[in-house]
Each structure stands twice: as structure tokens, then as C-alpha cells.
Amino acid sequence: YRAGSLPALLRRDRVDLALLPSIVPESFSLVLSECRAAGVPVLAFDLGAVGERLRQSGGGLAVPLEAGATGLAALAAAVVSGERTIPTLVGTAEPERPEPGAAAERWRDLYRELGL
């Protein structure tokens, strides 16, 4: 899909839950922003900006990477069955896209954290 077109696709297809199973820490996550724009809650691993944004603003849940696909699947099943609820997205909760210099600094921080 083209950048910016995902919200319309999610609404068109009536997607009510998105899984973002990335195992690499991201510095922002455009997909998360697009899911939020469509009003689609997200389940993801608790890594990088995705985990930070979900913890700070709601609109989804994150599981530790160590839980793996099994943990993500169990969380999805709990949400679908109603055993777990997804925290409401707080306010607009969407930060502006970072300036290139800030994004580059975030990448440097992630590389340092990974020991690279």
C-alpha cells in the first residue's frame, strides 16, 4: 500500500484489530500512526517507539518480545474473547512525525542500546 492509504484500507475492510509483530525496535512506526488514524487498536511487541507509544497513549497493548508469537496470539485471543480490554487512546495521542535530525538521533540511540 502507499503511505497514507492504510487508514482507508483498514476502514474499508472493517479491520478491528491490527497485529504489529515486528521484532526490531522502531524509531517511530508509521503503521501504528495509520492504525490510530483508522481507529484500529494494535497489539505489538514491547519494543522501541511502538511499545513506548502504546504505554504512554493507549490504543493498544504490548507484550514482551520474550513472549514471542505465542504470547502475541494469547493476547489477541484474550482481546477477542473479551478477557482483556484495550486501553482507550488518550487524546489525539499522536506526536508529530519527528524531524529528520530527531529521527536520526533515535536510530543512534537504538543502535547504542543494541550494542551496535
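Let me start with the strands: E1 and E2 run parallel and are joined by three bridges. Within that pairing, Leu20 stands opposite Ala44 in E2. I should say at once that this is a predicted model.

Now the sheet as a whole. It is an open sheet of three strands, in the order E1-E2-E3, and the pairing is parallel. Strand E1, residues 18-20, and E3 are the edge strands, each pairing on one side only. From one strand to the next, the twist averages 15°.

What lies across the three strands? Helix H4, residues 68-81, lies across E1, E2 and E3. Against E2, helix H4 runs at about 160°.

Next, the nonpolar cores. The largest has 12 residues in all. Leu20 and Ala44, the two that stand opposite each other, both belong to this core. Its other members include Leu6 and Leu10, Cys35 and Ala38, and also Val50 and Leu54. Which elements give two or more residues to this core? They are helix H1, residues 6-12, together with E1, H2, E2 and H3. H2 gives the most, with three residues. Apart from this core lies another, of nine residues, and among them are Phe45, Val63, Leu72 and Ala76.

That brings me to helix H3, residues 48-57. Is this helix mostly covered or mostly open? Mostly covered: of its 10 residues, seven are buried. They are Gly48, Ala49, Val50, Gly51, Arg53, Leu54 and Ser57. What do they pack against? The buried residues of H3 pack against two helices, H2 (30-38) and H5 (100-114), and two strands, E2 (42-45) and E3 (60-63). Two of the buried residues, Val50 and Leu54, are the ones I named a moment ago in the largest core.

On the spacing along a helix, one general remark: an α-helix has 3.6 residues a turn, so residues three or four places apart point the same way.

Arg53 deserves its own mention. It is on the list of buried residues in H3, and its charged end sits over the ring of Phe28. The distance from that charged end to the centre of the ring is 4.4 Å.

Just past the end of H3 comes Gly58, which takes a positive phi of about 75°.

Last, the aromatic rings. How many aromatic pairs does the structure hold? One.

To recap: a three-stranded open sheet with parallel pairing, helix H4 lying across E1, E2 and E3, and helix H3 mostly covered.

Technical notes: Residues numbered from 1 in each chain as written. Predicted model: local features only at pLDDT ≥ 70, side-chain atom pairs only at ≥ 80, totals over all residues. Heavy atoms only, no water. Buried < 20%, exposed > 50% of the residue type's maximum accessible area, 1.4 Å probe, protein only. Helix = DSSP H or I, 4+ residues; strand = E, 2+ residues; numbered from the N terminus. Contact = heavy atoms within 4.5 Å. Phe/Tyr/Trp six-rings, centres within 6.5 Å; stacked < 30°, edge-to-face > 60°. Lys NZ or Arg CZ within 6 Å of the ring centre and 35° of its normal. Pairing = 2+ DSSP bridges. Axes fitted to C-alpha atoms, helices over the stretch in contact; angles between N-to-C directions. Core = buried A, V, L, I, M, F, W, Y, C linked by side-chain atoms within 4.5 Å.
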